[in-house]
Amino acid sequence: MLVENATITFDAPHPAAVWAEAISLDPLQVDCVTTIMLTILDNQCEMGLEEQIALMAIYSVVKHRDGVVLEKAVHQAIERAQVSYDQQITDEIHELRLHAERAIPRQIMRYFKRFLHDSLYGF
């Protein structure tokens, strides 16, 4: 049977969001999530679409938690970019991504990405 103009919605949160609610991320890990979110918005992310969706679900949970490196203004810019993506916000996201990547040591980011991958394998 063919159903036309049907929309399927899910009331359940993404499994990665459930994971993020249940786990205690330290402030630097929150900054790592935020940095990856900036990378996604800057179109520099090498993750697949499913992984990006999972990361966005995690970010939606942790964006209100405090980080140590990145300020609240970063979250405000991400929010603006999610609503309206013009050249000004594109440039701002790019600069914020570069700043975040310089501020968080690569070794810490690599470790966090491995932790994320191992924790979310199968989502």
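A nonpolar core, as the term is used in these legends, is a set of buried Ala, Val, Leu, Ile, Met, Phe, Trp, Tyr and Cys residues joined through side-chain atoms within 4.5 Å. Keep in mind throughout that this is a predicted model.

**View 1. The nonpolar core draws on six helices.** The largest core has 35 residues, and those touching the most other members are Val-33, Ile-58, Val-62, Ile-78, Ile-93 and Leu-116. Helices H1, H2, H3, H4, H5 (87–103) and H6 each give two or more residues to this core. H2 supplies the largest share, with 8 residues.

**View 2. The whole chain is helical in its secondary structure, with 6 helices and 0 strands.** Reading from the N terminus, the elements go α-α-α-α-α-α. The chain has 123 residues, and 36% of them count as buried. Take the contacts with a separation of 6 or more: 76% of these join residues 24 or more positions apart. On the outside, the chain exposes about 8300 Å², and 53% of that comes from carbon and sulfur atoms.

**View 3. Helix H3 spans residues 49–62 and has plenty of neighbours to look at.** From first C-alpha to last, the 14 residues of H3 reach 20 Å, close to the 20 Å expected at 1.5 Å a residue. Which residues of H3 are buried? They are Gln-52, Ala-54, Leu-55, Ala-57, Ile-58, Tyr-59, Val-61 and Val-62. Their cover includes helix H1 (15–22), H2, helix H4 (72–83) and H6.

**View 4. Ile-58 sits among residues from elsewhere in the sequence.** Leave out anything up to four places away in sequence, and Ile-58 touches Ala-16, Trp-19, Ala-20, Val-33, Leu-116 and Leu-120. Ile-58 is one of the buried residues of H3. Val-33 and Leu-116, two of its partners here, are also listed with Ile-58 among the core members that touch the most others.

**View 5. Trp-19 and Phe-115 pair up across the chain.** The chain has 2 aromatic pairs, and in this one the ring centres lie 5.9 Å apart with the planes at 50 degrees, so the pair is tilted. Trp-19 belongs to helix H1 and Phe-115 to helix H6, so to speak of distant parts of the chain is fair: 96 residues separate them. Is each ring residue buried or partly exposed? Trp-19 counts as buried because its relative accessibility, 15%, is under the 20% cut-off. Phe-115, at 21%, is partly exposed.

**View 6. A second ring pair lies within helix H6.** The rings of Phe-112 and Phe-115 have centres 6.0 Å apart and planes at 45 degrees, so this pair is tilted. Phe-112 and Phe-115 are 3 residues apart, about one turn of the helix. An α-helix has 3.6 residues a turn, so residues three or four places apart point the same way. Phe-112 counts as buried, at 2% relative accessibility. Put the rings together and Trp-19, Phe-112 and Phe-115 form one aromatic cluster.

**View 7. Confidence varies along the chain, and the N-terminal stretch is the place for caution.** The mean pLDDT of the chain is 89, with 89% of residues at 70 or more. Among the helices, H2 (residues 27–41) has the highest mean, 97, and H6 (residues 106–120) the lowest, 93. Over residues 1–8, pLDDT stays under 50, and the model has 0 contacts there beyond four places in sequence. Where pLDDT is low, the predicted coordinates should not be read in detail.

Conventions. Residues are numbered from 1 along each chain as its sequence is written. This is a predicted model: local features need pLDDT of at least 70, side-chain atom pairs count only at pLDDT 80 or more; totals for chains, interfaces and linings use all residues. Side-chain values use heavy atoms; hydrogens and water are left out. pLDDT is the predictor's confidence in each residue, from 0 to 100. Helices (H or I, at least four residues) and strands (E, at least two) are DSSP runs, numbered from the N terminus. Contact means heavy atoms within 4.5 Å. Buried means under 20% relative accessible area, exposed over 50%, partly exposed in between (1.4 Å probe, protein chains only). Accessible areas come from the Shrake-Rupley method with a 1.4 Å probe; for residues, only the protein chains shown count as cover. The expected span of a helix is 1.5 Å times one less than its number of residues. Rings of Phe, Tyr and Trp (its six-membered ring) pair if their centres lie within 6.5 Å; planes under 30 degrees apart count as stacked, over 60 as edge-to-face and the rest as tilted.
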